[in-house]
Each structure stands twice: as C-alpha cells, then as structure tokens.
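Dear colleague,

I am passing on to you the structure shown here, and below it I set out what came up when I went through it. Please read the notes with the structure open beside them.

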Amino acid sequence: EALLPITDAHAATCDDLELFHMPYDEFRADLLRMIDNIEHGSQRINAFLANLREFSADRPAINFRPVALPSLVNKALALVGTKVRKTVKTLNVDMTPGLPEVYTDESALEQILVNLLVNAAQAADKPDAWVRLEARPGVDRGVLVVVADNGCGMPEVVQNQIFDPFYSTKINEGGTGLGLYVCRKLVQQLGGRIDLTSTPGEGSRFSVTVPDNQTQVGDR
C-alpha cells in the first residue's frame, strides 16, 4: 500500500511499461492476488497448527476441578462473541439458573465452546441467521450444553464424517478439518459426550454432556 502510489506514478510516465513480461496493470493485479493468496495460506497454517497443538506431546495434562459454567461461557463469548455476532443476526444465550458446577478442565471446555460457536457461525446462510447456546441439567446426570444454529445443515454422509481428522466441508474457505475432531477428543478426555443432529437447509445442533462431579468422570 505504501509502494503502489510510487509505482503507479512511475508507470503513468512510461508508455507500455512491462514487468516480468506483463503489462504493468496486469502485473499489479497479479501481485495483489498473490499477496492475498499468501495471507490466506498463512491463516490456514495458523489455524491448523493451533488445533494440532492440542494433541502434541507438550500439551498440559487435563486438570479437573469444579468450574462455574456461567463464568466459563462468559470467557468463551469474550473471545468469539464479536466474531459470531458479525456473522449472524442474533446470538442467544439461555442458561438454567442454579446449574451445578461442572467437574472439568476449564481451558479444554472453553476451547470446545469456542470451536462450536465459530463453527455454528460459519454455517450461517440466511438473512435471519442465529446461533444459540443453551445450558441445562442433563437428562440423567451432569450438565447439557447445546450449541445450535439455523444454518446450512449437513446431509447424513457429512454427519458421519464430520468428527474425522482432516475432514472439512470448508477447505476452500480455510477449514483445516481439525476443529470438530479436537472437540470430540477433548470431550472424551473430559469424560463427557458430544452428539450431533442436523437437517440440510435447517441447521445443526451439537449437544455436549459435561460431568458435574468426580464420580461421573470415573464412570465414563
């Protein structure tokens, strides 16, 4: 951006200026495309490594302790709430009052919520797109956390592979195919469970059951 005015001014004084065997206007456009491609590629590499690092040898061990879910949800929203709201029309949070503390690793569960929220926002395909985060007591025990959207949804063939490593429906948009794989692995390490229901054209719903005491973690 700093150099272009200088080169543009120089090109204006030269008839038929060519660079790298291309007319200046063509070279200028090609150069900007290359810079965009480099930036896009570096962003994909960064996202790929960020997810892959979760399972590298130097990842800290899971640290279980009682965690207040509302506080954890607020931290996750502080990280990605603005990004999600820029993508969808509404972001709703509905948490049942008086939820018990969950027995979990705070940073791991926070990453799960962040990944699910971003993934839900990326599925937006309607003017009235929404993402909803709900938390309530589980059916049998523990706490159920749901991240739902009314986005593009997934056919059954995609649902059967969506948690596989390196599988992504957004490769051309920078997807690494590791986000949901990371979520499932972390949920398993936390002694919980993650389920998916989705309908093409109507949206998706990811349900995560989180243990609320040490006994539940040991039972999984």
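Seven salt bridges are counted in this model, which is a predicted one. One of them joins the side chains of Lys-75 and Glu-106, with a distance of 2.8 Å from N to O. This pair connects distant parts of the chain, since Lys-75 belongs to helix 3 (residues 69–87) and Glu-106 to helix 4, the two being 31 residues apart. Lys-75 has a relative accessibility of 39% and therefore counts as partly exposed, whereas Glu-106, at 16%, counts as buried, the limit for that class being under 20% relative accessible area. The pair is also part of a network of salt bridges, in which Arg-65, Lys-75 and Glu-106 are linked.

Two further salt bridges may be worth a look. The side chains of Arg-136 and Glu-134 meet at 2.9 Å, N to O; here Arg-136 is partly exposed at 29% relative accessibility, while Glu-134 is buried, with a relative accessible area of 14%. In the other, Arg-193 pairs with Asp-195, and their closest N and O atoms are 3.0 Å apart; Asp-195 counts as partly exposed, because its relative accessibility is 31%.

Turning to the interior, the count gives one cavity of 30 Å³ or more, and the space in the largest cavity comes to about 30 Å³. Its lining is made up of Thr-104, Leu-109, Ile-112, Val-187, Leu-190, Gly-192, Val-208, Thr-209, Val-210 and Pro-211. Helix 4 (106–122) and strand 9 (203–210) each contribute at least two residues to this lining, and strand 9 gives the most, with three residues. By character, the lining residues divide into seven nonpolar, three polar and no charged.

Ala-129 is a buried residue, with a relative accessible area of 2%, and its place is in the loop between helix 4 and strand 6 (130–137). The C-alpha atom of Ala-129 is separated by 8.2 Å from that of Thr-87, although the two residues are 42 apart along the chain.

On the surface, Leu-31, Leu-32, Met-34 and Ile-35 make a nonpolar patch of about 310 Å². Of these, Leu-31 lies in helix 2 (residues 24–52) and counts as partly exposed, because its relative accessibility is 31%.

Finally, two backbone angles deserve a mention. Most residues other than glycine have a negative phi. Asp-16, which is not a glycine, has a positive phi of about 55 degrees; this residue lies in the loop between helix 1 (4–12) and strand 1 (18–19), and at 74% relative accessibility Asp-16 counts as exposed. His-21 likewise has a positive phi, near 65 degrees, in a residue other than glycine, and is found in the loop between strand 1 and strand 2 (22–23). With a relative accessible area of 80%, His-21 is exposed, the cut-off for that class being over 50%.

With best regards

How values were computed. Residues are numbered from 1 along each chain as its sequence is written. This is a predicted model: local features need pLDDT of at least 70, side-chain atom pairs count only at pLDDT 80 or more; totals for chains, interfaces and linings use all residues. Side-chain values use heavy atoms; hydrogens and water are left out. On a 1 Å grid over the protein atoms alone, a cavity is a set of points where a 1.4 Å probe fits but cannot get out, and a pocket is an open set with protein on both sides within 12 Å along at least five of seven lines; lining residues have an atom within 4 Å of a point. Grid points are joined across faces, edges and corners, and a volume is the space filled by probe spheres set on the points. Helices (H or I, at least four residues) and strands (E, at least two) are DSSP runs, numbered from the N terminus. Ala, Val, Leu, Ile, Met, Phe, Trp, Tyr, Cys and Pro count as nonpolar, Asp, Glu, Lys and Arg as charged, and the others, Gly among them, as polar. Patches are made of residues with over 30% relative accessible area and no salt bridge: like charges are joined within 9 Å, nonpolar side chains (Val, Leu, Ile, Met, Phe, Trp, Tyr) within 5 Å. Accessible areas come from the Shrake-Rupley method with a 1.4 Å probe; for residues, only the protein chains shown count as cover. A salt bridge is a side-chain nitrogen of Lys or Arg within 4 Å of a carboxyl oxygen of Asp or Glu. Buried means under 20% relative accessible area, exposed over 50%, partly exposed in between (1.4 Å probe, protein chains only).
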